[in-house]
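Here is a friendly walk through one model, from its sheets to its helices and loops. Keep the viewer open as you read.

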Amino acid sequence: MAFVYKFKLFKTAGIVTSLILINACAISDLTGIRSAGERAQVTSLSTLYFTKPATVDINASDKNDTKNRGRLFMSEALPLGNGRFGAMFAGGIESEYLVFNEISLWANAVRGLSNVEQSGTRLGAHQHLETVRKAARDSKFGKDSDSVESLGTKYLATKTPLGHYAPFADLRIETGQQRQSVSAYRRELDIANGVGTVRYEIDGVKYTREYFCSFPDDLCMIRMQSDGGVMDLRLTAASAHDKKVISTNGNELRLHGYSPMAQGDDIEFLQTAKVEVNSGGKVASYANELHVTGASEVVIYVTGYTDYLPNYPNFKGRDFLSDTKQTLNRAIAKGYSKIKTDHVADVNALMQRVEFKLNAELSDLPTDKLITQGKPLELYPLYFNYARYLHISSSRNASVPSNLQGLWNTLEKPPWNSDYHTDINIQMNYWLAETTNLSETFEPFVNWTKVVARSGQHTAMETFGVNKGWSVGLNSNVYGFTAQNVHGRRMQQGGHWVTQHLFEHYAFNKDVAYLEDIYPVQKGACEFLQVMLRRGKTAQNSFTQP
């Protein structure tokens, strides 16, 4: 069955999101592509490629500017992800640099407080609610001390820090090669299969690298090959976090880190890279780095976890050390080829559910040139496919949804905290879930909303004096933050908008068991608004804030 759509483009802080409105192009089920020509066209509309490496503006040894660490890297490197664990690769010649992220790793928030305090709500704030409402009725807006903004901040806004999404760990692979000696360089991302590739030649030796992050096996893979020569490599680990221990054990390189929290235990995490070489190569371990010599093929298995669990209000308890070890052991036993086969089948099955065609003549321009010189009819389908790829890569079955950066972040202090804005942004991240046939990617949104609803009961009571239902304000995080932030006129409600998406999922799938499961969450959002709504100056107007 075919549908007619118009494609309109939006961009949030780091993750490209797509809004699809009815109008002009054909999207159809892609259960089977019939001819070789059609398959080739779909491939060309599903590949990003570049003729030079990405810029690596990250200094692993010195303190980086917390707001500028890797800004160019973020805009040029290519992303991989399995929904929970992700990476971006630069494709450098002298060295390859990869930044890894784990979607539950935050910093400078709180966890492990009491049920009420963990919500972030200001205890007893509802006692001053009428003062703020009177200012609104009297139209006192602005910066004066008696304005809605000032009074809302003074009496209702939380003093609990929201925190922010944080980087995980980095991996540098030094090759000893020289960039000026390279020919036939190509760096690409096959978004139909979720595989990154770098190819180039030096003095007749052909070098190939492959990268992907597997959902079935829950890790990222790197394979480096040389045809006609051997490789000598040096592997080192780094992290933006000050508190960390880097060590080696045989052919493993480990980074055990701690992300600081404002209150409660710091978050512990571990990333391990395990190296395999062919029969001609060797791996030697030193205090904090690995050396590979004389290898024509090197396979690197990388995974990592935090101690985070979505158990309000503690948000702690995962055995991240054991999980890292067990994931790597299973992967080693399975081997690179089988892991890749299963990964490609997994991603391709999702990507091929939908086809977006504009009957464009294909130019085969590199992606950076396509953006500046190409025709929209060629660019838009690639943009559409890339948006679906990013969504798949940043939202599968993790306990928390994709954030303002999706999954990928190099910055210690990312824009807008890389948090969950309930006024539009988290909704934008999930517009593609139902409308482009990726319904199962909605699960993290549901899991997160259940935690928010539990926390929001305390915010409803303490901030607004409502003993029914739940409330969440403009911002949230992975620790059940539902409180109102600074700025009185932004004391808006997000629960009704968040739960609208819960019902959209049911509208597309008609799963009665799912509806029964999320009904209490939806009911709670409505119960709160029934009490919270206030009439305006005319009978036609009702308000939910402050």
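## Two helices that cross

This is a predicted model. A good place to begin is helix 12, which passes helix 13 in a left-handed crossing. Helix 12 covers residues 443-464 and helix 13 covers residues 495-509; the two pack at an angle of about 140°, and their axes lie 11 Å apart. An angle over 145 degrees would count as roughly antiparallel, and helix 12 and helix 13 are therefore oblique to each other.

Which residues make the contact between helix 12 and helix 13? Helix 12 contributes F445, V446, W448 and T449, while helix 13 brings V498, H501 and L502. By class, the residues of this contact of helix 12 with helix 13 are five nonpolar and two polar, with no charged residue.

## The nine-stranded sheet

Now turn to the sheets. Strands of a sheet pair through backbone hydrogen bonds, either parallel or antiparallel. One open sheet here is formed by nine strands in the order 3-10-11-12-13-20-17-16-15, with antiparallel pairing. Strand 3 (47-50) and strand 15 (244-249) stand at the edges with a single partner strand each, so one side of each has no neighbour in the sheet. On average, neighbouring strands of this sheet are turned by 15° against each other, direction ignored.

Within this sheet order, strand 13 sits next to strand 20. Strand 13 spans residues 219-227 and strand 20 spans residues 297-306, and six bridges pair them in the antiparallel sense. To find one of these pairings in your viewer, pick M224: the bridge partner of M224 in strand 20 is V298.

## Helices across the sheet

Two helices lie across strands of the nine-stranded sheet. Helix 6 (residues 320-334) lies across strand 13, strand 16 (252-259), strand 17 (267-277) and strand 20, and runs at about 150° to strand 20. Helix 7 (residues 336-351) lies across strand 11 (195-202), strand 12 (205-214), strand 13 and strand 20. The direction of helix 7 is at about 60° to strand 12.

## One disulfide

How many disulfides does the structure hold? There is one, and it joins C213 to C220 with an S to S distance of 2.1 Å. The torsion about the S-S bond of C213 and C220 is about 95°, so this disulfide is right-handed.

## The seven-stranded sheet

A further open sheet has seven strands in the order 4-5-6-9-14-19-18, and here too the pairing is antiparallel. At its edges are strand 4 (78-81) and strand 18 (282-285), each pairing on one side only. From one strand to the next, the twist averages 20°.

Strand 19 takes part in two pairings that are easy to trace. Strand 14 (residues 231-238) pairs with strand 19 (residues 289-295) in the antiparallel sense over five bridges, and R234 stands opposite H291 in strand 19. Strand 18 and strand 19 also run antiparallel, joined by four bridges. There, S285 has L290 of strand 19 as its bridge partner. A hairpin of three residues connects strand 18 to strand 19.

## A second helix pair

Two packed helices are described by the angle between their axes and the distance between the axes. For helix 4 (residues 129-137) and helix 5 (residues 148-155), the angle is about 170° and the axes are 9 Å apart. Since angles over 145 degrees count as roughly antiparallel, helix 4 and helix 5 are therefore roughly antiparallel to each other.

Where do helix 4 and helix 5 meet? T131, V132, A135 and A136 in helix 4 face V148, L151, G152 and Y155 in helix 5 as contact partners. The residues of the contact of helix 4 with helix 5 comprise six nonpolar and two polar, and no charged ones.

## Backbone details in a loop

Most residues other than glycine have a negative phi, and most peptide bonds are trans. With that in mind, look at the loop between strand 20 and helix 6, where P313 is found. The peptide bond that joins Y312 and P313 is cis, with omega about 0°.

F315 also lies in the loop between strand 20 and helix 6. The phi of F315 is near 55°, a positive value in a residue other than glycine.

Definitions and conventions:
Residues numbered from 1 in each chain as written. Predicted model: local features only at pLDDT ≥ 70, side-chain atom pairs only at ≥ 80, totals over all residues. Heavy atoms only, no water. Axes fitted to C-alpha atoms, helices over the stretch in contact; angles between N-to-C directions. Parallel < 35°, antiparallel > 145°, perpendicular 65-115°, else oblique. Left-handed = near helix turned anticlockwise from the far one by under 90°. Contact = heavy atoms within 4.5 Å. Nonpolar A, V, L, I, M, F, W, Y, C, P; charged D, E, K, R; others polar. Pairing = 2+ DSSP bridges. Disulfide = S-S within 2.5 Å.
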